[in-house]
Amino acid sequence: MNRIARVTISLLVVVFGSSRASAGLIFNITNQGGASPQMMTGFSQAAGMWSSLLNDSITVNIRINAVALSPGILGNTSAFFDAYTYSSVRNALLNDATSTDDLSSVANLPSGSVHSMLINRTSNNPNGALSATPYFDTGLGGAGQAGSQNNSTIRMTSANAKAMGLYPANASGSDGTINFTTSQAFDFDRSNGISAGQVDFVGLALHEIGHLLGFRGGIENLISNSTSPGLQDNQLLFLGPIDLFRFSTRSIGTGGGLGVNDWTADSTAKYFSVDGGATSLAAFSTGSQYGDGFEAHHWKNNLGLGVMDPTIVSGELVSISNIDLRAFDVIGYNLTAVPEPSSLVLVGIAGLMGTAIRRRSAANKIGGK
Ligand SMILES: [Zn+2]
């Protein structure tokens with residue numbers, strides 16, 4: 001594409017990027033050059049939906065593009081990440097706590113400078129180098145604990161850090177890039193449902209924006225550590241805010257306890273909880289390897305849980321669910337309002353429809369990063 005065409009497109013972006021809710025989250029959207037006008041409009045629509053649901057006074061800068069992606073991958077997101085101390089993150093969540101879920105989830109985070117996790121596949125696993133057998137890494141020393149750095153570090157997207165107040169709210173640098181595939185027929189008009197054989201573009205954009213906002217943990221990085229020699233526990237500085245609310249009956253059981261998160265790569269069921277693991281609200285995917293085959297920073301597939309499900313199929317209308325919002329709430333965002341009862345009913349119906357559709361058809365994966 002020549003330079004003049006690019007200039008023309010980026011001028012168009014100013015128009016699309018101006019969607020802004022009063023006092024809510026603002027998106028600045030820039031076309032990297034490949035996104036079609038329909039994609040720009042659809043993306044702006046998706047961004048507007050998030051803006052209407054999250055009222056943090058921050059500006060999120062997103063570049064979008066359309067490129068060739070691997071077969072079956074509809075989109076992917078590359079975000080900018082920064083590391084923060086666990087205590088600063090916990091303090092930020094305490095200061096930001098406005099909802100019942102906020103108060104409950106923060107109250108169950110371990111106090112002090114470290115959090116405790118169940119972990120596996122470290123090079124210093126006491127059960128053998130890179131062993132799949134999990135062990136408790138408390139950050140307080142002991143077998144398999146070369147240091148507490150991974151217990152005292154949280155890595156998150158710059159957008160998430162803005163929401164927590166750990167990064168300037170209106171910093172102008174890019175917060176990440178979202179790519180959409182050029183090889184899928186998209187339906188850009190949700191008003192009449194999604195046509196058979198086409199994928200809901202706005203729904204896909206909602207999903208990828210969700211990753212950029214911070215629905216991105218570190219289990220996939222742990223999976224990448226499974227090749228010798230691998231890293232020790234204290235070198236695995238990839239745990240994200242959403243991972244603090246990832247539990248299993250194992251992590252809260254013998255040797256662990258309430259508030260101890262499950263940061264393992266294996267097929268054991270993991271779930272989202274806002275009370276330290278006592279109550280499971282939704283199942284997570286267990287991982288691209290060693291688990292169910294889906295990247296771990298998603299809800300469990302085919303349960304109709306929400307927009308952060310790992311797959312979307314043609315003909316399916318994808319919507320942000322109540323459980324999606326509860327997750328964004330506890331990782332540092334503030335929800336605009338409690339949905340009206342009628343909205344809740346609609347969300348429930350959408351979820352059921354999604355489940356039914358998925359069962360009929362092989363899924364196209366949504367690529368996540
Ligand atoms: Zn994804």
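N31 stands opposite I64 in strand β2. This pair of residues belongs to a predicted model, and it serves here as the entry point to the fold. The strands concerned are β1, residues 26-31, and β2, which run parallel and are joined by 6 bridges. Between the two strands comes a helix: β1, helix α2 (residues 37-53) and β2 make a β-α-β unit, and the unit is left-handed.

On β2 there is a further pairing to follow. Strand β8, residues 176-181, pairs with β2 in the parallel sense, again through bridges, 6 of them. Within this pairing, A66 stands opposite F180 of β8. Strand β2 covers residues 59-67, and 7 of its 9 residues are buried, which leaves the strand mostly covered. In general, strands of a sheet pair through backbone hydrogen bonds, in either a parallel or an antiparallel arrangement.

F180 also leads to the next element, helix α6. F201 is found in this helix, and F180 is one of the residues that F201 touches. Leaving aside residues up to four places away in sequence, the other contacts of F201 are M39, G42, F43, F186, D187 and F188. F201 has a relative accessible area of 0%, and is therefore buried. The C-alpha atoms of F201 and L317 are separated by 9.2 Å, although the two residues are 116 apart along the chain.

The helix itself can be described from end to end. At the N-terminal end of α6, D200 acts as a cap, with a side-chain oxygen 3.3 Å from the backbone nitrogen of V202. From its first C-alpha to its last, α6 reaches 18 Å over 13 residues, close to the 18 Å expected at 1.5 Å a residue. After the helix comes G214, whose phi is positive, near 140°. How much of α6 is buried? The count is 13 of the 13 residues, so the helix is largely enclosed by the rest of the structure.

The zinc site follows from α6. The protein donors of the zinc ion are the NE2 atoms of H207, H211 and H298, at 2.0 to 2.1 Å from the ion. Along the chain these donors follow the spacing H-x3-H-x86-H. H211 lies in α6 (residues 201-213), whereas H298 lies in the loop between β14 (282-283) and β15 (311-312), so this pair ties together parts that are 87 residues apart in sequence. Both H211 and H298 are buried. A general point applies to the short spacing: an α-helix has 3.6 residues a turn, so residues three or four places apart point the same way.

Strand β14 also takes part in a separate, open sheet. This sheet has 3 strands in the order β11-β13-β14, and the pairing is antiparallel. Its edge strands are β11 and β14, each of which pairs on one side only. Strand β13, residues 271-272, pairs with β11 in the antiparallel sense over 2 bridges. In that pairing, the bridge partner of R246 is F272 in β13.

The loop between α7 (219-223) and β11 (246-247) contains N225. Is N225 buried or exposed? N225 counts as buried because its relative accessibility is 5%, and the cut-off for buried is under 20%. Its contacts, not counting residues up to four places away in sequence, are R121, T122, S123, L130, G230, L231 and L236.

Helix α8, residues 322-330, brings several of these elements together. Of its 9 residues, 7 are buried, so α8 is largely enclosed by the rest of the structure. The buried ones are I323, D324, L325, A327, F328, D329 and V330. What covers them includes α2 and α6, together with α3 (86-95), α4 (100-107), β13 and β14. Just after α8, G332 takes a positive phi of about 120°.

The totals for the chain give the wider setting. The secondary structure of the protein chain comes to 9 helices and 16 strands. Of its 369 residues, 54% count as buried. Among the contacts in the protein chain with a separation of 6 or more, 69% are between residues 24 or more positions apart. The zinc donors H211 and H298, 87 residues apart in sequence, and the residues F201 and L317, 116 apart, are two cases of parts separated along the chain.

Note on methods: Residues numbered from 1 in each chain as written. Predicted model: local features only at pLDDT ≥ 70, side-chain atom pairs only at ≥ 80, totals over all residues. Heavy atoms only, no water. Donors = N, O, S within 2.8 Å, 3.2 Å for Na, K, Ca; no water. Helix = DSSP H or I, 4+ residues; strand = E, 2+ residues; numbered from the N terminus. Buried < 20%, exposed > 50% of the residue type's maximum accessible area, 1.4 Å probe, protein only. Pairing = 2+ DSSP bridges. Right-handed = clockwise from strand over helix to strand, strands pointing away. Contact = heavy atoms within 4.5 Å. Expected span 1.5 Å × (residues − 1). Polar contact = N/O pair within 3.5 Å; in protein donor to acceptor, adjacent residues only side chain to side chain.
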